[in-house]
Amino acid sequence: MLNTFSLNKKINLINEEKELIASLQSIPVIAVLRPEISELENYSSEIKIFQVAEQLYKNGLIHIEIAWSNHPNWKLLINDLRSNFLNIKLGVASIKNIASLNSVVELGLNYAMSPFIDENLQKHAIDLDFILIPGVLSPTEINLAIQTECQLIKLFPASVLGINYLNHLKDPFNSLPFAIAAGGLSPKDIKPWLDNGYGAIAMGRKIISNSKIDKELINYLKVMKN
């Protein structure tokens, strides 16, 4: 039986997950940005990744993930993004072990994603009262995510699984966690994938076209704001 402290932690985590899901339902796009080592070595607010984040934020995108790095200047980047873009829902991508998860939790970020599901890592996130969204591929992995009480999952790599993959899962599973499609997708995929039941779309390199934010993404965000 859960004690009062543990029960309150669990309720708090569930509420945070619901809040994140509601935010993603409002703007169902996540930008995943990966800082280059050279950018972190010569860090300032003039580096490309910071400028891209600023463009995205000004166009109405609030869900931005920064790939985790053990470089000491990575934390400076995270803190500067939060200081400059106050309404950002900042997450971290590519969490692969407990050490990286702990460093993210210490910064007080909203959530993180992993490229795979690891039962021990998920349980550690729960113990820390933190949202860790696992990357899942097979029905076995999805079932493990459900068993470890994940309210959100990342279907990865989405471009390999295909747009109809989620629909094929609905019969064997009575219900599924909130599903984020990630891996190989571009702005042109947003509407068709959302129309096929995915809760949100995560995109990386393909949000940039000719060193600028893809026009299709900008147009989509304009519609969402209106």
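Guide: A helix here is a DSSP run of H or I, at least four residues long, numbered from the N terminus. The model is predicted. The protein has 11 helices and 11 strands.

Visitor: What makes Asp 195 and Lys 191 a salt bridge?

Guide: The rule asks for a side-chain nitrogen of Lys or Arg within 4 Å of a carboxyl oxygen of Asp or Glu. Here the N to O distance is 2.8 Å, so the pair qualifies.

Visitor: Why are Asp 195 and Lys 191 separated by about one helical turn?

Guide: Both belong to helix H10, residues 190-195, and they are 4 residues apart in it. Asp 195 and Lys 191 are also both exposed, which means a relative accessible area over 50% for each.

Visitor: How do you know that Lys 123 forms a salt bridge with Glu 119?

Guide: Their closest N and O atoms are 3.1 Å apart. The limit is 4 Å, so this pair counts as well. Lys 123 and Glu 119 lie 4 residues apart in helix H6 (residues 119-127), so about one helical turn separates them.

Visitor: Why does Lys 123 count as partly exposed?

Guide: Its relative accessibility is 42%. Partly exposed covers what is neither under 20% nor over 50%, so the label fits. Glu 119, at 36%, is partly exposed too.

Visitor: What makes Lys 188 and Asp 189 a salt bridge?

Guide: The side chains meet at 3.5 Å, N to O. That is within 4 Å, so the rule is met. By this rule the protein's count comes to 6 salt bridges.

Visitor: Of that pair, why is Asp 189 called buried?

Guide: Asp 189 has 12% relative accessibility, and buried means under 20%. Lys 188 reaches 55%, so it passes the 50% mark for exposed. Across the 226 residues of the protein, 49% count as buried.

Visitor: How do you know that the radius of gyration agrees with a compact globule?

Guide: For 226 residues, a compact globule would have a value near 17 Å; the protein has 17 Å, so the two agree. Along the principal axes, the C-alpha atoms fill a box of roughly 50 × 40 × 30 Å.

Visitor: What do contacts between residues at least 6 apart in sequence add?

Guide: Of these contacts, 62% join residues at least 24 apart.

Visitor: What supplies the area the protein exposes?

Guide: Carbon and sulfur atoms supply 49% of about 11,500 Å².

Visitor: How many positive and negative charges does the protein have?

Guide: There are 21 positive and 22 negative charges, with mean positions 6 Å apart.

Methods
Residues are numbered from 1 along each chain as its sequence is written. This is a predicted model: local features need pLDDT of at least 70, side-chain atom pairs count only at pLDDT 80 or more; totals for chains, interfaces and linings use all residues. Side-chain values use heavy atoms; hydrogens and water are left out. Helices (H or I, at least four residues) and strands (E, at least two) are DSSP runs, numbered from the N terminus. Buried means under 20% relative accessible area, exposed over 50%, partly exposed in between (1.4 Å probe, protein chains only). The radius of gyration is taken over C-alpha atoms; the globule rule is 2.2 Å times the number of residues to the power 0.38. Contact means heavy atoms within 4.5 Å. Accessible areas come from the Shrake-Rupley method with a 1.4 Å probe; for residues, only the protein chains shown count as cover. Lys and Arg count as positive and Asp and Glu as negative; His and the chain ends are not counted. The place of a charge is taken as NZ of Lys, CZ of Arg, CG of Asp or CD of Glu.
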